[in-house]
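Q: I would like a close look at a single part of this model. Please keep to what can be read from the coordinates and connect the pieces.

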Amino acid sequence: MSDLNLPRVQHVVASGCVLAVGAWVTYLSYTQQPAEAFLFPRLIATVFVVLAAWTFAKAIMGWTKVGAGVSPIAFMSMVPGVVVMLVYVFWAAKTLGFYTATAASFFILFSLYDPAPHNALKSWMKRVFATVCFTLVMYGLFALLLKVFTPREALF
Amino acid sequence: MKKLLAGAALALMAAAGMAHADGHESYPDRPIMMMVSYGAGGATDFQARIVTMTAGNEDALGMPVAILNKPGAGGRVGWNWLATQAEADGYTLGAYNVPHFIAQSIKGGVSYDIDSFEPIANWGADPAVLVVGADSEFNSLQDVVDFAKANPGKLTTSGAGLFVGHHIAALQMEKAGDMKLAYIPTKGGGAAAMKAVIAGDVMAGINNLSDAFRAREAGNVKILAVADLERNEFLPDVPTMMEGGLDVDNASVNFRGVMVPKGTPQAVIDKLAQTVPTMFENGRVQGKMKAGGSPMNIMTREEVQAMWLKRQETLTELLAGL
Amino acid sequence: MEFLLYFGDVFTPVNFALLLVGTIGGLILGATPGLSPTMAVALLIPFTFQLEPTQGLILLGAAYTSTVAGGAVSAILLKIPGAPANIATTLDGHTMAQNGQGTRALQLSFLSSAVGGIFGVMLLIFLTPVLAKWALAFGPSHLFWLAILGVTVIGTLDSKSVVKGLLSGCIGLWLATIGFDDIMGAQRFIFHDALGGGINIIAALIGLFAIPQVISMFAKGRQGDDAEVLQVQKHSVFAAIRELLRFPRAMGIGMTTGSIIGLIPGVGGQIAGLVAYDQTKKFSPEREEFGKGHPEGVIAAEAANNAMVGPSLVPLLTLSIPGSPTAAVLLGGLLIHGIFPGSDLFDNHPDVAWTFINSMLIGQVLMCLFGLYVAGLAARVAQVPQSLMAAIVLGLAVFGSYSVQSSMGDVYVMAALGIMMYFLERFGFSAAPLVLGLILGPIAEANFIQGSMIANATDGMVPYFLTGTLNLFLIAVVLASVAYSVWMEVRNRRYVSKEEIMV
């Protein structure tokens, strides 16, 4: 029962979010100043909100045809990865320095999702080796070849 | 092979670690970044790349300068970034365009004004010119003025955006001639504004002297007047607006130069203010600038400070009525 | 035929070496996420300071052509389009790579790039005067209609549901309005400092395409190695050539659309690939197969975005107006040597002009040969286990989006958009129409505002936007495109409901 209805509930939530954003954008475009700069956003927002309402109505009625939603199993397995990603992008990259953060997140992600056993030394060696190689390639490409100066705050 | 790589990496890390050591005596000890608030390939970007090309020489800064483009909204995006987000450590410079950034700060809606930045030196001065298509019926400034007076608000005139040099020139023309133009700001800078003139989308245009000079060489436009105090060496045959009877001074001349965000250590500012003008005087720089049709006007930090203040005054007055 | 006289210049040892460096370097730079052709060319400009004008231009020309083609490599293998031009390539190319047909996809993409590219340069050589007039014919009103034509493509592009396709497009159009408004300079929807400069298109591309893919890999969890090992099928170059000949329609549509749209200043390159893809899909009898790894999709998209290279330089070389950001950078490369594009270039420096054009011609061939050579090897990327792949793609995405303008804000935007896109995709929205909206929004808006300013000063809105042959023609195409989409939707619906009844 709940399995059957899960995608439908999810669709309602998802299209509800889109509709909420649409409504908010519409509200902003009609209230912000200067009005002439918001002419085009108003036009878009109006179409946006109408389409979003239509999609939302379809989701409530259970008429949605495309999109499989996110299964609980898939959701649970992606959470750790997404958390690492968020920490990496929004905190570590700037605070620890790009190369440190990249190496660390690369290593953690690879270890988290690597199917090789977690209790064998050999597979850990492999992971460390891959991390070092990747960091070096990134350094060579971006720092040496392209001369991009990335944040190097606390660590390298 | 792997050993080699690892060794190389270690050496690199060591080198980078050393480069991190601080202190202003050794400034600069790593490459410097210069923000240009217009897109790659624009006149400001092009000139910025030329004037900084010798920065790596021993007699200049001794470190290369890399150009970082942050285009958008007539320069507002880049200068906002420089004023609020860039680190004031001397490794982030910015290119300024006067009167653009001053006019925008007077108009409001941005997080900078002349007190947000410290000028270093000026490298170029690019006057605004009035251009019309090669097959236009206008042959002199007088023709344009006559038409604009007879048809208020009908003379479509393109320019690179609102509250940039071109717009200032248009406003000054309107004020001096007591007439009304239809100023059309284009997205995509001077090149798009020039295209509109050549393609006949608009009847006239205000553009950079350097770009107009090139377009005239290619036989695409006629240049009717220069908005400056005297005629320009690149265009000795083109009269100034004043000669043509419009009281337009040099307030719209696009001065380009280098600045740093406020809060940069005084020692660094002094070092830059001393070195950068000599860098602009380099023979190779001068040669390339001349070849590219870009008029130079080297000014020191003190001269630029005075120029900024003067512009601030003129522009406040001009924009007061808007 | 003047260009033949200067062919020898391309083959002097130094020039040819530069051509090779430019081509191979360009392919590598193009395949790096975050490096668009414009940036790659801008990066090479300092090197040309030291060179003769001809040599510098050979380097830049070769790099330009091969970065455009190189963008297809990351689009196919990693689903990260190197530049907006390569978006359409991901739709079928990446699916092919996932099915183990990466070699085939890469071969087809390089071959069609080369054919399209040579066609484009030939147009540049023979039809420059005609093309220059055409490029100038597009004023604000025409560009506005052209953008609207692009918008009509949105609904049917890579989405099962027209409404959701349009809604994705609307989200993109809205995202494009974030930041400072370009003409008025007013602030719109800036609710974080990172958005002050608006949403950078390259960073958005990386986020919207790469991050959902990374998250889907996470969602699969710790899977056994054996489940994932993919057989990368061998595919001979001759088979690829034969296949290319089997789809002359895709090739033809790609080349024509690419060269016509590429010519138009300010719009060109970014949408050429997508429009060609959409047109090919509409004309193909196998249109149901598009998006599932159909070779026509790759051929049309890549033929179009390389065919655009030659014509996109026409406004620059003849009128001295850079029609695209890349052309603007090339202009800098010319000016630095005191060469003014325009009649001066062809009259006084024919050696520079023709050697430059020839180098793009030879560059296409070299690029194709080199690309075909590495295609088999590169396709192995699909065999990389997904745990490793997810980590690699994430790292590349972060570095790539940062390097666009050395801005942490772009990285934040990239990640935020990417995570949002993952969930949207799970509910039937798709990235391609969203990106198209993001690209077209500013074009439509700026030209509408500019057009209405001109119209108000002259003969009024209605005559300005709705009369004139070119306007009427474009409006007709817009209407035809809408009618076609509606017709397809109705037919599909009938088809689907019939199927439902049968089930």
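In what order do the strands of the open sheet of chain B run, and with what kind of pairing?

A: The model is a predicted one. The open sheet in chain B has 6 strands in the order 2-1-3-10-4-11, and the pairing is mixed. Strand 2 and strand 11 (296-299) of chain B are the edge strands; each has a single partner strand, so one side of each is left without a neighbour in the sheet. On average, and with direction ignored, neighbouring strands of the sheet are turned by 25° against each other.

At one edge, strand 2 of chain B runs parallel to strand 1 (residues 32-36) of chain B, and 5 bridges join the two. Within this pair, B:Val36 stands opposite B:Asn69, a residue of strand 2 of chain B.

Towards the other edge, helix 9 (residues 266-281) of chain B lies across three strands of chain B, namely strand 4 (117-126), strand 10 (254-261) and strand 11. The angle between helix 9 and strand 4 of chain B is about 10°.

Strand 2 also takes part in the contact between chain B and chain C. This contact takes 51 residues from chain B and 48 residues from chain C. On the chain B side, the elements that give two or more residues include strand 2 (65-69), helix 2 (43-51), helix 3 (76-84) and strand 7 (182-185). Helix 7 (189-198), helix 8 (209-217) and helix 10 (283-291) of chain B are also among them. Helix 7 of chain B gives the most, with 5 residues. By class, the side of chain B that touches chain C has 23 nonpolar, 18 polar and 10 charged residues.

The largest nonpolar core has 336 residues, and those that touch the most other members are B:Met34, B:Val129, B:Ala204, C:Ala390, C:Val393 and C:Val435. Of these, B:Met34 falls in the range of strand 1 of chain B, residues 32-36. The element that gives the most to this core is helix 6 (residues 87-137) of chain C, with 20 residues. Domain 1 (1-70) and domain 2 (71-156) of chain A both give residues to the core, so it lies between them. The centres of these two domains of chain A, taken over C-alpha atoms, are 35 Å apart.

One of the core residues in chain C can be followed further. Leaving aside neighbours within four places in sequence, C:Val435 is in contact with C:Ile87, C:Gly172, C:Ala204, C:Leu205 and C:Leu208.

Definitions and conventions: Residues are numbered from 1 along each chain as its sequence is written. Chains are lettered from A and ligands numbered from 1 in the order in which they are written. This is a predicted model: local features need pLDDT of at least 70, side-chain atom pairs count only at pLDDT 80 or more; totals for chains, interfaces and linings use all residues. Domain bounds come from an automatic or database domain assignment. Two residues are in contact if their C-beta atoms, placed from the backbone, lie within 7 Å. Helices (H or I, at least four residues) and strands (E, at least two) are DSSP runs, numbered from the N terminus. Ala, Val, Leu, Ile, Met, Phe, Trp, Tyr, Cys and Pro count as nonpolar, Asp, Glu, Lys and Arg as charged, and the others, Gly among them, as polar. Two strands pair if DSSP finds at least two bridges between them. Axes are lines fitted to C-alpha atoms, for helices over the stretch in contact, and angles run from 0 to 180 degrees between N-to-C directions. A nonpolar core is a set of buried Ala, Val, Leu, Ile, Met, Phe, Trp, Tyr and Cys residues joined through C-beta atoms within 7 Å. A residue is buried if 20 or more other C-beta atoms lie within 10 Å of its own, exposed if 12 or fewer, and partly exposed in between; C-beta atoms are placed from the backbone.
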